[in-house]
Amino acid sequence: MAEETSAVEKTAVVTGASRGIGKAVALALAKEGYSLGLCCRENIQKLNNVKEKALAAGSPRVLACRADLSDYEEGSAFAREVLEAFGQADVLVNNAGISIVGLFQDLSPQEWRRITDTNIGSVYTMCHALLPSMIHRKAGRIINISSVWGNVGGSCEVAYSATKGAVNALTKALGKELAPSGIAVNAIACGAVDTEMNAVFGEEALRGLAEEIPAGRMCRPEEVAQAVLALIQAPAYLTGQVITLDGGWI
């Protein structure tokens, strides 16, 4: 039976919340007083650390779960845990994602399936599982964390670009479909963000990248979190949009 939820309690779900953008978003939402449903694929210790920080920052309640969202059953089970714990989800931030860097012809079928199942499959799974509750209440916000490579494509990141392009298209289409229900669906197409995912490129390459960006630096995860809060607070009339956050880079 779902735990009774206070009339003023706000609940947000953040996927891929153990580090980087997901962690920053979770902590920003905690400061706004949201109860949180958090998940990660592997490092539950790091996720539990985020849970403790979120509680200290002001979150009333935090549910932290290990779930591989590339698997529909695992993702659906996580969504059910959220609904059982909180009764509803007011905000869904689809942040879970992976990147595979390399030439397209070297990409194996297994790698292709893993990145597509994770980057776009997880968005399908979480939306599919949580939307009935939002539609019933005619309220909710869905924010998909995307990439500028979903807008323009990136060499040696073909699979990643393809999945983020799919996230962008899903955002636009689902925004139209859910507008009559008062549910806003938007995406943030991030540029180069200073996270562990991008650390693979090395310090010298990252310095060169920062020089290409008109803002003169990479984006901080906390700035993505600020953009998430702005979209949550925006009117539901703002929907189906892909907002680029890249310091003027692309």
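This is a short viewer tour of one protein chain, going from the whole fold down to single residues.

**Start with everything on screen**

Keep in mind that you're looking at a predicted model. Show the cartoon for the whole protein chain and you'll have 9 helices and 7 strands to find your way by. Line the view up with the principal axes, and the C-alpha atoms fill a box of roughly 50 × 35 × 35 Å. How does the radius of gyration compare with that of a compact globule? For 250 residues such a globule would come out near 18 Å, and the protein chain has 17 Å, so the two agree.

Now colour by burial. Of the 250 residues, 50% count as buried. Switch on the surface as well: the accessible area is about 11700 Å², and carbon and sulfur atoms own 53% of that. If you like contact maps, take the contacts between residues at least 6 apart in sequence; 75% of these join residues at least 24 apart.

One more global colouring, by charge. The protein chain carries 22 positive and 27 negative side chains, and the centres of the two sets lie 4 Å apart.

**Select Asn95**

Step off the end of strand S4 (91–94) and you're at Asn95, in the loop that runs on to helix H4 (109–119). Is Asn95 buried or exposed? Its relative accessibility is 12%, under the 20% cut-off, so Asn95 counts as buried. To see what packs around Asn95, add Thr15, Gly16, Ile21, Gly22 and Ile145 to the selection: Asn95 touches each of them, leaving aside residues up to four places away in sequence.

**Select Trp149 and Trp249**

Next, the aromatic rings. The chain has 2 aromatic pairs. One of them is Trp149 with Trp249: the ring centres are 5.3 Å apart and the planes sit at 65°, so this pair is edge-to-face. Zoom out a bit to see what the pair ties together: Trp149 is in helix H6 (residues 149–152), while Trp249 is in the segment after strand S7 (242–245), so to speak a link between distant parts of the chain, 100 residues apart. Trp249 counts as buried because its relative accessibility is 18%.

Stay in that segment and click on Gly248, which also follows S7. Gly248 is partly exposed, with a relative accessible area of 47%. Draw a distance from Gly248 to Ala215: the C-alpha atoms are 6.7 Å apart, although the residues are 33 apart along the chain.

**Select Lys138 and Cys156**

Two stops for anyone who likes backbone torsions. Lys138 is in the loop between helix H5 (121–137) and strand S5 (140–147). Check its phi and you'll get a value near 55°, which is positive in a residue other than glycine. Lys138 has a relative accessibility of 53%, so it counts as exposed.

Then jump to Cys156, in the loop between H6 and helix H7 (158–178). What is the phi of Cys156? It is about 65°, again positive although Cys156 is not a glycine. As for its surroundings, Cys156 counts as partly exposed, at 30% relative accessibility.

**Finish on two helices**

Go to helix H9 (residues 221–233) and pick Gln233. With a relative accessibility of 58%, Gln233 counts as exposed. Now add Arg141 and draw the C-alpha to C-alpha line: Gln233 and Arg141 are 9.3 Å apart in space and 92 residues apart in sequence.

For the last stop, select Glu204 in helix H8 (residues 203–212). Glu204 counts as exposed too, at 66% relative accessibility. Draw one more C-alpha distance, from Glu204 to Gly154: this one is 19 Å, for residues 50 apart along the chain.

Notes:
Residues numbered from 1 in each chain as written. Predicted model: local features only at pLDDT ≥ 70, side-chain atom pairs only at ≥ 80, totals over all residues. Heavy atoms only, no water. Helix = DSSP H or I, 4+ residues; strand = E, 2+ residues; numbered from the N terminus. Rg over C-alpha atoms; globule rule 2.2 N^0.38 Å. Buried < 20%, exposed > 50% of the residue type's maximum accessible area, 1.4 Å probe, protein only. Contact = heavy atoms within 4.5 Å. Areas by Shrake-Rupley, 256 points an atom, 1.4 Å probe, with all protein chains shown as cover. Lys, Arg positive; Asp, Glu negative; His and termini not counted. Charge placed at Lys NZ, Arg CZ, Asp CG, Glu CD. Phe/Tyr/Trp six-rings, centres within 6.5 Å; stacked < 30°, edge-to-face > 60°.
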